[in-house]
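Biologist: I should like to go through this structure with you, one question at a time. Please reason through each answer before you name the result.

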Amino acid sequence: MAVTHERFEQGMTYDEYKVQMTRNRERLEENERTVELSADDIEFFTNLPEPLNVLVITEDWCGDAIANVPILGRLAAESGKLNLRIFLRDQNPDLMDHYLNRGIHRSIPVFAFFDQQFRPIGHWIERPAVVTEMQEKMLANLYATDPAFADVAPGTSIAVLPDAARARLMQAFAAFRAETRLLADREVVRELRDVISRGLALHQEA
């Protein structure tokens, strides 16, 4: 499925997305306000050869989206070179199914970059690879050592966890986010730069 200009323009602007949020808006805006962007990162996006269109797939209940969409929002505001359109995952399966994580998971957020002719530059999904690796180790340790998970199978959906296990899991995620935020934010920007650099280089070679 090709993303057209017409389909892209059906999305919300970043400000329109924030207005319609029903949960976690304060967290998103706090993350947006406090993200630390280096001068080099801002310069990279400011000096892009042309503005890029960025299709964002998200939902306001998703922790990774609340952490990472505001980084893109700040980069767009600081550089003036990223034209964002936001789509809700559950209302846009045609878009979501085009960007499945590992070909099977409807992971969000998705950031898909296009040039002015809507040729795809590349896309980024969910969270940085190094953070995923660290999170998996944290969860494995939690399931192995915390009494609240004694009778819970690893990978059990949070929706069906016992109350005590769900509470501990939420605490663990909050602590993990606090401990890894600076690294995670830097890795998001680094990976986005890599996606864009590779995509633009391929276009130049074509």
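Biologist: Which element gives the largest share of the lining of the largest pocket?

Modeller: This is a predicted model, and its largest pocket is lined by 43 residues. The elements that give two or more residues to that lining are α3, α5, β4, α7 and α8. Nine residues make up the largest share, and they come from α8.

Biologist: How many residues of each class, nonpolar, polar and charged, are in the lining of the largest pocket?

Modeller: Among the lining residues, Asp64, Glu126, Arg127, Gln135 and Phe173 lie nearest the centre of the pocket. Asp, Glu and Arg count as charged, Gln as polar and Phe as nonpolar. By class, the whole lining has 20 nonpolar, 13 polar and 10 charged residues.

Biologist: In which sense do β1 and β2 pair?

Modeller: Strand β1 covers residues 52-58, and β2 covers residues 82-88. Val54 stands opposite Leu84 in β2. Together with α5, the two strands make a right-handed β-α-β unit. Over seven bridges, the sense of their pairing is parallel.

Biologist: Is strand β2 mostly covered or mostly uncovered?

Modeller: A residue is buried when under 20% of its relative accessible area remains. In β2, six of the seven residues are buried. The strand is therefore mostly covered.

Biologist: Which residue in the turn between β3 and β4 has a positive phi?

Modeller: Strands β3 and β4 run antiparallel and are joined by five bridges, with Phe114 having Pro120 in β4 as its bridge partner. The two strands form a hairpin with five residues between them. The turn residue with a positive phi, about 60°, is Phe118.

Conventions. Residues are numbered from 1 along each chain as its sequence is written. This is a predicted model: local features need pLDDT of at least 70, side-chain atom pairs count only at pLDDT 80 or more; totals for chains, interfaces and linings use all residues. Side-chain values use heavy atoms; hydrogens and water are left out. On a 1 Å grid over the protein atoms alone, a cavity is a set of points where a 1.4 Å probe fits but cannot get out, and a pocket is an open set with protein on both sides within 12 Å along at least five of seven lines; lining residues have an atom within 4 Å of a point. Helices (H or I, at least four residues) and strands (E, at least two) are DSSP runs, numbered from the N terminus. Buried means under 20% relative accessible area, exposed over 50%, partly exposed in between (1.4 Å probe, protein chains only). Two strands pair if DSSP finds at least two bridges between them. A crossover is right-handed if, with the strands pointing away from the viewer, the path from the first strand over the helix to the second runs clockwise.
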